[in-house]
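Visitor: Could you walk me through how the strands and helices are arranged here? I would like to begin with one strand pairing and work outwards.

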Amino acid sequence: MANIDWISEAKKRKADMIRDLQGLLRIKSVLNEQNQTEDAPLGKGVKEALDYMLLLGEKDGFTAKNVGNVAGHLEMGSGAGLIAALCHVDVVPEGDGWTKDPYGGEVEDGKIYARGAIDDKGPTMAAYYGMKIVKELGLPIEKRIRLIIGTDEESDWRCVHHYFQHEEMPDMGFAPDADFPIIHSEKGICDFDLVQNNHFEKEYGAPKTLISFVAGRRYNMVPDHARAVLDIQGDHTELLQLFNHFKKEQNIAGSYYVESGYLVMEVEGVSAHGMEPDNGKNAGLLLASFLYTLKLDRRGREFVKAAVHFFFGDSRGRALGVQHEDEITGELTINVGIMTYNEEDGGRFGLNMRYPATFPFEKGIQDMASAVSSAHFDFVKIRNLPPHYVPKDHELIQKLIKVYEEQTNEKAELLSISGGTYARSLTAGVAFGALFPGRDDVAHQKDEYMHIDDLIKATAIYAQAFHELARS
């Protein structure tokens, strides 16, 4: 069989691909359970986007299947083996500050703009057209090729959970929803709470009582604002002098004022993604570290003491006894994403832990529970995504290395990430594009876009990848 010029085949379909992608981008496919129906359990927008892809595939001759109105697939070929690409058509809300129509799909200066352009509608369309090229060229394949379409990737992954309860697991596959070259390992991700218990009585008459404390709203984000309310008996002057000195020393902004007879103290930090807490400044931990220098009531003191002892300056779990690192996925990290306290019920820490592939998870959980019990906290696990790893010598890795290097003339480095992609839903799956090295990652940002040249290049890569993986 003659060599196929995959990039030329992708370029032939450029106009059609942009048209079909614009149609998908113009659908506001944001999760909205408030307008759910029996036919659209996650909202009408995401269901419309799913229907769009299934109808497009039917028109082009693929076998289409809707799976519970939350996922679906397009399939070609025959045989027992199954190769798949896992994509998603839901998007995060557009937010503010756009200079383009966030659902317009405008093409300007070689880029296509819209919410979802790079995450993940552009890559989804590239994978779809990769399948289409293989089909239209009539290339011989021995396995089935399937494009799996999800609608809840940006939230709770209910789409893929439901899908794989009812459909077969592919032999191998990739998620076009991250970076090129190849992401072959992803850390485990566990959200859990530490909840202050009531092993001691509330203390009355303390000179300084912590009434409430709030910082952060999401487990996987570093809080950039914290607020504490205190009942202070006596003059505030010395306390406020100490607070001003603290802000200067830490190089942070903050304020204080009196509200309903209580002293309110606020601190501004720097937000960052929870996968690397040290990239931000945790406002909650900073404020707790200041409050720890005061003589608070016992319950309030135990709360801020735990914050300082277990987490302040320690994002690697050393004080919790779970510090761990390996060559595959790097260091364990712990982000304190949520901190709350009230004088009646005590405090809570909402934590996001990202742990290496070799971390002994069950033992680590026991060690943490033991470490915090002496500080009057209970460990409550919320959810856990185990780490995902595909060995370097796996057939999937070797074939994708070949494809990527032939298409780009660049070395296909194997990457490890702290985040999570659909690839971990597969028994043997990796994240494979579609963001090329050197490109800015504008996913979830205003004026999100994808380079048209990258769309074409990714399509060529995915077409060859499908062909290589399905041939034997």
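Visitor: Which residue does His225 stand opposite in S14?
Guide: Happy to start there, keeping in mind that this is a predicted model. Strand S12 covers residues 225-232, strand S14 covers residues 262-268, and the two pair in the antiparallel sense. Further along, Val229 stands opposite Val264. For His225, the residue opposite in S14 is Glu268.

Visitor: Over how many bridges do S11 and S12 pair?
Guide: Strand S11 takes in residues 208-215, and one of its residues, Lys208, has Ile232 of S12 as bridge partner. The pairing of S11 with S12 is antiparallel, and the number of bridges is 7.

Visitor: Which strands are the edge strands of the sheet?
Guide: The open sheet has 8 strands, ordered S13-S14-S12-S11-S17-S18-S10-S19, with antiparallel pairing. An edge strand here pairs on one side only, and that picks out S13 (253-259) and S19 (377-385).

Visitor: By how many degrees are neighbouring strands of this sheet turned against each other on average?
Guide: This value belongs to the sheet of 8 strands in the order S13-S14-S12-S11-S17-S18-S10-S19. With direction ignored, the average turn between neighbours is 20°.

Visitor: Which helix lies across S10, S17, S18 and S19?
Guide: Let's look at two helices on the strands. Helix H6 (residues 237-250) lies across S12, S13 and S14, at about 160° to S13. The helix across S10, S17, S18 and S19 spans residues 361-373 and runs at about 155° to S19; it is H9.

Visitor: Are H2 and H11 roughly parallel or roughly perpendicular to each other?
Guide: The axes of H2 (residues 14-25) and H11 (residues 452-470) come within 11 Å and cross at roughly 105°. Lys14, Met17, Ile18 and Leu21 of H2 make the contact with Ile452, Leu455, Ile456 and Thr459 of H11. By class these are 6 nonpolar, 1 polar and 1 charged residues. Angles of 65 to 115 degrees count as roughly perpendicular, so the relation of H2 to H11 is roughly perpendicular.

Visitor: How many nonpolar residues are in the contact of H4 with H11?
Guide: Helix H4 (residues 117-136) and H11 have axes that come within 7 Å and cross at roughly 50°, which makes H4 oblique to H11. The contact includes Ala126, Met131 and Val134 of H4 and Leu455, Tyr462 and Phe466 of H11. Sorted by class, the contact has no charged residues and 4 polar ones, while the nonpolar count is 12.

Technical notes. Residues are numbered from 1 along each chain as its sequence is written. This is a predicted model: local features need pLDDT of at least 70, side-chain atom pairs count only at pLDDT 80 or more; totals for chains, interfaces and linings use all residues. Side-chain values use heavy atoms; hydrogens and water are left out. Two strands pair if DSSP finds at least two bridges between them. Helices (H or I, at least four residues) and strands (E, at least two) are DSSP runs, numbered from the N terminus. Axes are lines fitted to C-alpha atoms, for helices over the stretch in contact, and angles run from 0 to 180 degrees between N-to-C directions. Contact means heavy atoms within 4.5 Å. Angles under 35 degrees count as roughly parallel, over 145 as roughly antiparallel, 65 to 115 as roughly perpendicular and the rest as oblique. Ala, Val, Leu, Ile, Met, Phe, Trp, Tyr, Cys and Pro count as nonpolar, Asp, Glu, Lys and Arg as charged, and the others, Gly among them, as polar.
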